[in-house]
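Trainee: I have a structure to read and do not know where to begin. Could we take a few features in turn?

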Amino acid sequence: MTETMAVHTVEGFLTPDETALLTKLLDEHLVATGWSPDRPSDGLVAPAEVQKILAVGIERALPAIRRVFPSVAGATPWDYHDLGPGDSIEPHLHGVGEPDARPQRIARVAFHLQEAERGGEFYVETTSSDALWTERVAGPGSSFAPGTRFAREISHHAGPEAAAVLGRLPRTRWTSAPPAGTAVVYGAQLVHGVTVVREGRLRKLITNLLSEG
């Protein structure tokens with residue numbers, strides 16, 4: 001439970017050479033596919049060559065990640081996100097999915113490939129309000145301690161009613177501006193988002209961290 005509410009960073013997640021190659025591969029893929037997001041929250045599954053580089057980064061970073069997220073065993077494929085001036089990602093929360101599922105989503109990683117010149121800061125939001133939580137509890141066969149409660153899923157696809165619940169909650173925002181090349185690891189039950197990009201371009205890749213199956 002504590003892991004799904006934690007925040008951690010891995011500075012220098014990729015080497016400069018790895019970052020340069022990853023950027024080149026992504027740029028070539030974007031030209032070849034003509035992809036552009038319909039909305040800021042939309043992501044593109046990164047091509048296989050990029051996935052391989054990021055897999056090396058995750059494997060190398062696992063000892064550092066496990067200091068805060070000891071249950072993590074692996075990661076899902078990465079999605080690429082590209083935000084320009086005027087774009088933002090509204091506060092949302094993914095949750096853990098089905099509490100009894102295995103493997104279980106514990107956290108997410110955002111690798112900051114390029115920071116915006118102004119704006120585009122990543123943030124998490126905390127609240128003591130009980131309204132953020134459901135009545136679902138972990139059973140005896142769950143990855144979580146029996147009786148653990150779970151937060152609502154308030155994702156981009158959860159609908160206006162769920163978003164309205166979040167909008168009514170008193171929340172405290174914790175904003176960060178990690179340098180390019182940093183991986184930000186944040187628990188799956190944390191509200192999070194990205195402020196408006198005022199100038200420049202924000203490029204990042206995101207994956208889920210999973211527990212053992």
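Trainee: Where does A61 lie?

Mentor: A61 is part of helix α2. Keep in mind that this is a predicted model.

Trainee: Is A61 buried or exposed?

Mentor: Look at the relative accessible area, where a value under 20% counts as buried. For A61 the value is 6%, so this residue is buried.

Trainee: Which residues does A61 touch, apart from those up to four places away in sequence?

Mentor: With those set aside, A61 touches V10 and F13. For a sense of distance, take E28: A61 and E28 are 33 residues apart in sequence, and their C-alpha atoms are 27 Å apart in space.

Trainee: Helix α2 also packs against α1. At what angle do α1 and α2 pack?

Mentor: The angle is about 150°, and the axes of α1 and α2 are 9 Å apart. An angle over 145 degrees counts as roughly antiparallel, so α1 is roughly antiparallel to α2. The crossing of these two helices is left-handed.

Trainee: Which residues of α1 and α2 meet?

Mentor: On the α1 side they are E18, L21, L22, L25 and L26, and on the α2 side E49, V50, I53, L54, V56 and R60. Sorted by type, the residues of this contact are eight nonpolar, three charged and no polar.

Trainee: E18 and R60 are both among those residues. What do the side chains of E18 and R60 form?

Mentor: Start with the general idea. Side chains of opposite charge can pair when their charged atoms come close. In this structure the side chains of E18 and R60 meet in a salt bridge, with an N to O distance of 2.7 Å. E18 lies in helix α1, residues 16–33, and R60 in helix α2, residues 48–68, so the salt bridge ties together parts that are 42 residues apart in sequence.

Trainee: How accessible are E18 and R60?

Mentor: E18 is buried, at 18% relative accessible area. R60 is partly exposed, at 41%.

Trainee: How many salt bridges does the count come to?

Mentor: The count comes to ten. Another of them joins D27 and R203, whose closest N and O atoms are 2.8 Å apart. D27 lies in helix α1 and R203 in strand β15, residues 202–211, so this pair ties together parts that are 176 residues apart in sequence.

Trainee: Is R203 buried or exposed?

Mentor: R203 is buried, with 2% relative accessibility. Its partner D27 is partly exposed, at 31%.

Trainee: Which residue forms a salt bridge with R39?

Mentor: That residue is D42, and the N to O distance is 3.0 Å. R39 is partly exposed at 35% relative accessibility, and D42 is partly exposed at 22%.

Trainee: Which residues are linked in a network of salt bridges?

Mentor: E125, R171 and R173 are linked in such a network.

Trainee: Back to strand β15, where N208 is found. Which residues does N208 touch, leaving out those up to four places away in sequence?

Mentor: N208 touches G74, A75, T76, R105, A107 and R108. N208 counts as buried, at 16% relative accessibility. Sequence separation and distance in space should be read side by side. N208 and R66 are 142 residues apart in sequence, and 14 Å apart in space from C-alpha to C-alpha.

Trainee: I would like a loop residue as well. Where is the place of P170?

Mentor: P170 is in the loop between α3, residues 160–168, and β11, residues 172–176. A value over 50% counts as exposed; P170 has 61% relative accessibility, so this residue is exposed.

Trainee: Which residues is P170 in contact with, beyond its neighbours within four places in sequence?

Mentor: P170 is in contact with T126, T127 and S129. As for E49 of helix α2, P170 and E49 are 121 residues apart in sequence and 43 Å apart in space, C-alpha to C-alpha.

Note on methods. Residues are numbered from 1 along each chain as its sequence is written. This is a predicted model: local features need pLDDT of at least 70, side-chain atom pairs count only at pLDDT 80 or more; totals for chains, interfaces and linings use all residues. Side-chain values use heavy atoms; hydrogens and water are left out. A salt bridge is a side-chain nitrogen of Lys or Arg within 4 Å of a carboxyl oxygen of Asp or Glu. Helices (H or I, at least four residues) and strands (E, at least two) are DSSP runs, numbered from the N terminus. Buried means under 20% relative accessible area, exposed over 50%, partly exposed in between (1.4 Å probe, protein chains only). Axes are lines fitted to C-alpha atoms, for helices over the stretch in contact, and angles run from 0 to 180 degrees between N-to-C directions. Angles under 35 degrees count as roughly parallel, over 145 as roughly antiparallel, 65 to 115 as roughly perpendicular and the rest as oblique. A crossing is left-handed if the near helix is turned anticlockwise from the far one by less than a right angle, and right-handed if clockwise. Contact means heavy atoms within 4.5 Å. Ala, Val, Leu, Ile, Met, Phe, Trp, Tyr, Cys and Pro count as nonpolar, Asp, Glu, Lys and Arg as charged, and the others, Gly among them, as polar.
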